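Here is a friendly walk through one structure, with a few stops along the way. Keep the viewer open and follow each stop as you read.

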Amino acid sequence: MALLDIQDLHANVAGNKILKGINLTINPGEVHAIMGPNGSGKSTLSNVLAGNEVYEKTQGEIHFDGQNLDDLAAHERACAGLFLAFQYPVEIPGISNMYFLKSAVNAVRKYRGEEQLDAMDFLDLVEEKKKIVKIRDDLLERAVNSGFSGGEKKRNEIFQMAMLEPKLGILDETDSGLDIDALRIVSDGVNALRSPDRGFLVITHYQRLLDYIVPDFVHVMIHGQIVKSGGKELALELEHDGYAFWAGEEGP
Amino acid sequence: MDLKQLRKNAAADFKARGFPTTKEELWRFTDVSELAEREFSNDWAPASVDFQPLGKHVLVFENGKLSREKSCIDNLPHGVCMGSIMDLVDPRVGRLADAQSAFVAANTAYFSDGAFIELTEGIELAEPIHLVYLADADGSAFHLRNLISCGKGSSVAVVEEYIGRSDPSDRSYWTNAVTEIFAADDSSVDHYKIQRESKTAYHFQTLEAQLGANAVFCNHSIALGSGLGRNDIRGKLTGEGGEAICNGLYLLNGKQHFDTHLFMDHAVPKCKSHELYKGILDQKARAVFCGRILVQQDAQQTDAIQSNKNLLLSRAAKIHSLPQLEIYADDVKCTHGATIGQLDDVALYYLQTRGIDPVRGRAMLTYAFANEVLDEVKCKPVKTRIEALVYEWLEKVSA
Ligand SMILES: Nc1ncnc2c1ncn2[C@@H]1O[C@H](COP(=O)(O)OP(=O)(O)OP(=O)(O)O)[C@@H](O)[C@H]1O
Ligand SMILES: [Mg+2]
């Protein structure tokens with residue numbers, strides 16, 4: 001069974017048609033990359049998948065792990081194992097990162113019928129995950145993303161993903177804003193999380209990330225449609241030729 | 001003037017002026033006509049209201065009268081005096097709170113008890129002093145008068161906690177309190193007020209604080225109770241280097257109406273006053289915030305910041321926020337601002353994408369909003385208590 005199955009997805013934002021018939025299937029264990037010019041609809045796709053109500057799905061079907069996504073609210077999707085690492089992580093003053101993480105982990109565990117973690121067990125989990133995605137202690141104590149640098153925010157997203165152990169991780173331009181060392185650390189973290197039953201959808205503008213997180217498939221999204229799919233070589237082609245060819249073919 | 005004469009004059013003053021009406025500028029948004037029409041008795045009865053002492057220095061007032069059994073005034077260190085104001089009547093009563101309002105006049109005329117606290121020079125009290133006011137006598141009025149005097153270089157934390165019954169009761173009483181605080185040079189006074197009166201009670205308090213040179217007065221006022229209530233907080237900076245911090249949080253729902261009137265008087269140079277008031281209003285609650293900062297001509301190098309932020313959880317809730325700056329000096333740093341908003345949908349979505357359901361997400365964000373004020377509470381046991389009250393309130397609101 002496919003982990004994620006998107007059929008003919010159309011979606012609007014603020015009355016504008018952004019996604020115009022997306023088809024995409026991700027099987028467990030696979031890493032898919034989506035590349036595409038600014039404004040082509042990549043973040044719209046990730047938000048529709050995550051359940052953002054600002055984005056209106058007008059047509060098509062999405063199945064995640066056997067469930068119709070229409071039946072699940074955003075928090076239920078997260079609990080069911082769908083994780084979105086935001087292109088622009090949200091700052092929440094007044095809530096400490098640790099408290100936020102504990103609430104999230106326990107919400108997911110509750111949904112899955114698992115026992116709640118107490119303070120000690122939770123700290124143990126944090127220590128364990130810190131080995132996968134290195135994150136400074138002071139960032140964990142501070143309010144969620146508040147005053148974090150761009151790179152720190154991205155790293156915090158991946159740390160959250162490690163904590164929540166999703167079935168599908170959607171990484172929306174996690175690489176933008178990361179310095180060279182951070183890119184390597186975050187990529188190593190993602191690779192450590194790769195497993196036969198976990199899938200990833202990696203949205204990026206740069207071939208460099210895909211040197212570290214090697215994808216099984218690369219898709220090109222232009223004007224709300226996937227215009228070409230291929231293996232990891234496709235990313236190299238794009239790096240060389242740009243999007244002009246397909247963009248011209250499609251017309252704006 | 002002796003106290004007897006003062007009280008006689010106050011009674012005449014109260015009779016002459018009566019309760020304020022909404023025609024008066026300071027009472028424009030708070031209508032007390034309902035209170036004015038009520039008759040209140042002074043009959044005494046014991047109160048069956050629970051409380052938990054914060055530490056070992058506790059004065060408990062039960063329906064307006066000091067209860068010696070419930071209080072704990074032993075183990076006070078040398079240099080600290082604490083007891084009923086009726087036993088330790090001080091010539092300073094009425095020195096700060098005089099003719100400000102009908103409520104102060106009524107209090108001066110009729111107060112029947114209250115706390116007296118005095119620290120002599122240089123005394124530092126480690127544990128807080130907890131003043132507990134229990135009330136549940138239907139139809140009674142409690143005029144409570146407190147006087148806190150902190151000698152030069154002394155330091156103390158005082159918590160006033162007003163408690164009514166938490167169960168839905170129709171006990172309607174009127175608490176009319178006045179607290180006068182004298183903070184001498186170099187003293188440090190941490191003052192907390194937790195107001196959780198019955199939701200059908202009337203609660204009014206005037207707090208007057210006078211600060212000497214380099215004195216630090218830090219005031220936190222948390223209001224969750226009373227149907228109709230008001231805090232008048234007035235600080236007077238009379239010595240250079242004085243610092244007043246007045247923070248507050250009001251959490252209101254149902255048809256609660258709560259009014260905060262702050263007045264900070266910078267009379268001398270180089271003083272600081274910082275005020276942060278936050279409100280969370282649900283259902284048909286009403287709040288009034290009026291913060292006035294007066295910087296007199298001599299008060300150069302004043303540093304005054306005031307901010308009032310409100311979170312409205314319902315469309316029917318309403319806030320009147322009126323920050324006012326009156327500056328007569330030219331070399332000053334003064335800012336003020338007010339905001340009114342709803343919960344941040346983007347933040348709520350972010351929490352949801354991490355598995356947190358919207359009900360809990362809203363509660364977390366609401367708590368986060370209040371947190372800015374709670375963060376400033378330095379006295380640990382007080383902080384714990386306030387946090388628990390905020391949690392409890394949020395649970396009821398989101399249920
Ligand atoms: N909340 C919104 N309100 C209005 N328009 C929106 C909203 N979100 C997205 N859009 C519009 O939808 C289009 C697609 O945006 P989207 O963010 O999906 O692009 P993207 O492919 O992720 O681009 P980038 O590479 O720059 O991140 C853009 O034209 C954008 O302006
Ligand atoms: Mg994007």
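## Contacts to ligand 1

In this predicted model, an N or O atom in the side chain of A:Gln87 sits 3.0 Å from an oxygen atom of ligand 1. A:Tyr55 also reaches the ligand with its side chain, placing a polar atom 3.1 Å from a nitrogen atom of ligand 1. With A:Ser40 the backbone takes part: one of its N or O atoms lies 3.2 Å from an oxygen atom of ligand 1. How much of ligand 1 does the protein bury? Taken alone, the ligand exposes 630 Å², and the protein buries 64% of that.

If you zoom out a little, you will find 15 residues surrounding ligand 1. The closest are A:Gly39, A:Lys42, A:Ser43, A:Thr44 and A:His205. Which element gives the most to this shell? That is helix α1 of chain A, residues 42–50, with three residues. By residue type, the shell around ligand 1 holds eight polar, five nonpolar and two charged residues.

## A:His205 and its partners

A:His205 deserves a stop of its own, being among the closest residues to ligand 1. Look for A:His205 in the loop of chain A between β10 (199–203) and α8 (207–212).

Two side-chain partners can be picked out here. A polar contact of 2.8 Å joins the side chain of A:His205 to that of A:Glu173. The side chain of A:Asn38 makes another polar contact with the A:His205 side chain, at 3.4 Å.

## Cavities

Now for the enclosed spaces. How many cavities of 30 Å³ or more are there? The count comes to four, and the largest has a volume of about 40 Å³.

You can locate the largest cavity in chain B by its lining: B:His191, B:Lys193, B:Gln205, B:Leu207, B:Asn219, B:Ser221, B:Asn231, B:Asp232 and B:Ile233. Strands β9 (188–196), β10 (202–211), β11 (216–223) and β12 (228–237) of chain B each give two or more residues to this lining. The largest share, three residues, comes from β12(B). In character, the lining divides into five polar, two nonpolar and two charged residues.

## Aromatic pairs

Over all chains, the count of aromatic pairs comes to 18. One of them, formed by B:Trp27 and B:Phe103, is stacked, with 5.3 Å from centre to centre and 20° between the planes.

Where along chain B do these two partners lie? B:Trp27 is in the loop between α1 (3–17) and α2 (33–37), while B:Phe103 belongs to helix α3 (residues 102–110). The pair thus links distant parts of the chain, its two residues being 76 residues apart.

Note on methods:
Residues numbered from 1 in each chain as written. Chains lettered and ligands numbered in written order. Predicted model: local features only at pLDDT ≥ 70, side-chain atom pairs only at ≥ 80, totals over all residues. Heavy atoms only, no water. 1 Å grid on protein atoms, 1.4 Å probe; cavity = no way out; pocket = protein on both sides within 12 Å on 5 of 7 lines; lining within 4 Å. Points joined across faces, edges and corners; volume = space filled by probe spheres on them. Helix = DSSP H or I, 4+ residues; strand = E, 2+ residues; numbered from the N terminus. Nonpolar A, V, L, I, M, F, W, Y, C, P; charged D, E, K, R; others polar. Near = heavy atom within 4 Å. Polar contact = N/O pair within 3.5 Å; in protein donor to acceptor, adjacent residues only side chain to side chain. Areas by Shrake-Rupley, 256 points an atom, 1.4 Å probe, with all protein chains shown as cover. Phe/Tyr/Trp six-rings, centres within 6.5 Å; stacked < 30°, edge-to-face > 60°.
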